[in-house]
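Q: Could you take me through this model? I would like to begin with the overall picture and then turn to particular residues.

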Amino acid sequence: MKIPEATNFIEQFINEELAAGKFEANGNKIHVRFPPEPNGYLHIGHVKAMCINFGVKERYDGTLNLRMDDTNPAKEDYEYVNSIVDALKWLGFEYDKLVFASDYYDKLYEIAEKYIIDGNAYVCDLSAEEITATRGTLTEAGTPSPYRNRSAEENLKLFREMKAGIYPDGSRVLRAKIDMSSPNINMRDPVIYRIAHVEHYRTGNKWCVYPMYDFAHPLSDAIEGITHSLCSLEFENHRPLYDWVIEKAGFPAPVPRQIEFARLNITNMLMSKRYLKKLVDEGFVRGWDDPRMPTIMGLKNRGVPPTALKKFCTDVGVAKAYSVVNQAQLDSCIRDELNETAERAMAVINPLKLTITNYSGEEELVFEKNPAKENSGVRKVKFTGNVYIDRDDFSENPPPKYKRLYLGGTVRLKGAYIVRCDEAVKDDSGEVCELKCTYFPETKSGSNAETTVKAKGVVQWVDALYGADAEFRRYQPLLKDEDYPDQDYAERLNKDSEKSFFGKAEPYLAESADGTPFQLMRTGYYKKCTDGGLLLSEIVSLKDSFNK
RNA sequence: UGGGGUGUCGCCAAGCGGUAAGGCACGGGAUUUUGAUUCCCGCAUUCGUAGGUUCAAAUCCUGCCACCCCAGCCA
């Protein structure tokens with residue numbers, strides 16, 4: 001078999017196994033899984049996990065199961081499984097099979113009975129508090145439960161009674177019988193089944209005992225024939241238990257192998273389902289797919305292209321070192337993609353009238369639809385000499401190196417002519433309300449006419465007469481500062497998080513005057529001239545991909 | 001203080017005994033119908049630290065330091 005070149009340490013590990021012939025028996029098929037718990041919407045952190053798993057699937061021509069890790073009925077719901085399926089679809093990740101851990105409840109229960117019969121598990125009557133108290137500490141061994149040596153018969157009877165529902169929640173649990181003095185606390189007789197008289201969103205009231213993650217996950221992997229179970233670093237301590245559970249169940253080799261990687265962190269972005277759920281539940285955002293949320297659906301509604309998300313995850317790489325990636329790197333990927341795909345248009349946020357005193361008539365100017373893309377076509381924009389420019393593109397007291405318009409200065413109206421500002425008309429309150437300018441006919445864009453007139457800057461404009469139809473005259477950013485949840489709340493929620501919640505989102509998305517959503521691309525303007533204001537130089541129609 | 005991990009440029013990250021890739025950010029220059037894009041150019045004599053092995057170490061060995069994870073009937 002041809003072994004592909006590894007792009008990260010996980011694939012390197014797989015390659016070594018392949019080279020050693022570990023999977024020869026099954027034709028060197030690699031089988032992975034992506035196992036979210038349907039208890040919330042997927043966020044950008046999950047995209048990294050997906051890229052890793054789907055990357056392995058593709059590179060080794062393997063298979064991938066999307067598995068709903070639904071072993072805790074209290075938290076899970078169909079709304080979330082649907083949202084997960086939708087997110088994968090939007091991202092373009094194609095899995096081979098959709099499976100549910102809850103599909104294995106019968107099988108898992110059988111294995112639990114086998115554990116009991118083999119003397120590897122016992123029913124423990126200790127309360128949750130007592131179990132905690134007898135588990136020991138980081139430095140001291142735990143003490144064995146008084147129920148640890150019950151006979152297999154008694155354990156079986158009790159466990160069946162638990163299943164039958166005659167015991168209340170919390171009265172008994174099934175524990176794995178491993179080692180109460182293990183330095184790894186996860187091995188100190190962990191609970192593998194608990195009683196919960198809770199309706200499960202899929203199995204209804206069929207069960208009142210549910211398997212724990214540490215029991216269900218490795219067995220689900222083994223049942224599905226997963227070869228590599230990729231998860232985040234915090235499960236490293238669980239690996240010995242993962243291996244133990246599979247071994248005692250008696251699965252034949254090759255048995256699934258758990259490999260851990262560092263999860264994604266981004267500056268200014270809160271990535272914890274628990275906190276995101278709070279924001280939704282407490283009404284700080286409009287929902288899981290609110291454009292301020294770092295969820296995949298939120299990002300989508302923010303105007304982020306899926307390819308940008310995937311590119312970002314690929315760029316960031318996979319390693320075992322804890323890390324926090326700068327949001328700038330995400331932004332860069334988004335801009336990169338948008339620059340390639342975005343259709344261009346001009347926009348004005350805070351209109352300021354600009355009248356060209358020596359121009360009459362009207363003409364149609366030709367623009368490239370997307371200068372970054374070859375043969376992207378053209379768009380035509382009508383020009384009458386009466387336009388609006390953005391207030392921020394005119395300064396009464398231009399700072400040094402100012403490149404836009406000021407009294408007596410010149411600027412190019414993008415795609416049109418260079419104009420000189422002769423007069424700034426003020427209203428009663430003393431605010432500039434109109435600019436009177438002179439234009440230079442020979443400076444028309446695209447013409448190579450000889451001229452001595454120069455302009456340092458280029459500004460966008462919208463025609464006063466045709467603007468509303470031709471280009472977008474006025475638009476509102478969808479996300480404003482005041483749309484962000486208050487920072488005190490953010491800090492109370494998660495003291496460790498850096499200041500803001502989701503990061504100051506780049507205003508990728510805006511709404512035009514007629515309510516049409518448009519995508520914005522940050523440019524140098526925004527970068528260098530934000531004094532509270534927001535100045536974008538490109539907007540893009542999002543009609544097709546936006547569906548809110 | 002037990003166990004498990006991790007430490008390479010401001011932020012990610014390659015590197016796997018032969019003399020420090022790449023991306024983001026940043027700085028400089030050129031082109032420009034967006035202060036954008038594109039295009040050049042610059043950006044770790046040094047790999048947590050102290051020793052040791054070797055002709056040769058970020059890579060091997062030893063000690064130390066820092067940070068992260070584990071005591072849910074969550075996943």
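Q: How much area does chain A expose, and what share do carbon and sulfur atoms supply?
A: Chain A of this predicted model exposes about 25,100 Å², of which carbon and sulfur atoms supply 47%; accessible areas come from the Shrake-Rupley method with a 1.4 Å probe. Local features need pLDDT of at least 70, side-chain atom pairs count only at pLDDT 80 or more, and totals for chains, interfaces and linings use all residues. Side-chain values use heavy atoms, without hydrogens and water, and residues are numbered from 1 along each chain.

Q: What percentage of the residues in chain A is buried?
A: Of its 548 residues, 53% are buried, meaning under 20% relative accessible area (1.4 Å probe, protein chains only).

Q: Which residues touch the most other members of the largest nonpolar core?
A: They are Ile44, Met50, Leu88, Leu309 and Phe312, in a core of 59 residues. Such a core is a set of buried Ala, Val, Leu, Ile, Met, Phe, Trp, Tyr and Cys residues joined through side-chain atoms within 4.5 Å.

Q: Where does this core lie?
A: It lies between domain 1 (9–261) and domain 2 (273–301 + 321–342 + 471–540), because both give residues to it.

Q: And what does Leu88 touch?
A: Beyond residues up to four places away in sequence, Leu88 touches Phe34, Leu42, Met50, Phe54, Leu66, Phe93 and Tyr95, with contact meaning heavy atoms within 4.5 Å.

Q: Changing topic, is Ser232 buried or exposed?
A: Ser232 counts as buried because its relative accessibility is 11%. Leaving aside neighbours within four places in sequence, Ser232 is in contact with Glu260, Phe261 and Arg263.

Methods
Chains are lettered from A and ligands numbered from 1 in the order in which they are written. Buried means under 20% relative accessible area, exposed over 50%, partly exposed in between (1.4 Å probe, protein chains only). Domain bounds come from an automatic or database domain assignment.
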